[in-house]
Amino acid sequence: MDVQIINVVIREPCALCTTTNKTCSQNCEFAPYFPAEKKLEYKNAHELFGTPSIMKMMRFAPTTEEKCILASSILTEGKAWKDYPAKGGFETIRKLKWEILQRKLYLNKLKEKMKVVEEETKIM
């Protein structure tokens, strides 16, 4: 008698199913986008959008790539609203723009210093 070994991968329920207290099947359509490791991030998104709205948005995304981008956007926006309740994503973008501006100013100062050094080396 031959014995076959079957590999069974047991995973935790996805963040969406955990939040809604649903049974997360092995072929759950949301598990690839909201894995168990993202429970906290999903909780923030759930509080902002509500799980029914998230499910609806995900079902409207036609391709896997678009679903990945959408899930990432949903989680990011949920975190932004958790971190900055009054301004959400706007505050996140404002801070990023400020950082970019600071780095541009720093680079411009470096360029000016490099020009001075180049001119000094030409003179010598």
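**Confidence, core and surface of a predicted model**

Biologist: In which helix is confidence highest?

Modeller: This is a predicted model, where local features need pLDDT of at least 70, side-chain atom pairs count only at pLDDT 80 or more, and totals for chains, interfaces and linings use all residues. Residues are numbered from 1 along each chain as its sequence is written, and side-chain values use heavy atoms, without hydrogens and water. pLDDT is the predictor's confidence in each residue, from 0 to 100, and helices are DSSP runs (H or I, at least four residues) numbered from the N terminus. Confidence is lowest in helix α5 (residues 89-123), at a mean of 91, and highest, at 96, in helix α3 (residues 51-60).

Biologist: Is Ile-74 buried or exposed?

Modeller: Ile-74 lies in helix α4. Buried means under 20% relative accessible area, exposed over 50%, and partly exposed in between (1.4 Å probe, protein chains only). Because its relative accessible area is 3%, Ile-74 is buried.

Biologist: Which residues is Ile-74 in contact with, leaving aside its neighbours within four places in sequence?

Modeller: Contact means heavy atoms within 4.5 Å. With those neighbours left out, Met-58 is in contact with residues including Phe-30, Phe-34 and Ile-74. For Ile-74, the residues are Ala-45, Phe-49, Ile-54, Met-57 and Met-58.

Biologist: What does Leu-101 count as, given its relative accessibility?

Modeller: Leu-101 is found in helix α5. Its relative accessibility is 39%, so Leu-101 counts as partly exposed.

Conventions:
Helix = DSSP H or I, 4+ residues; strand = E, 2+ residues; numbered from the N terminus.
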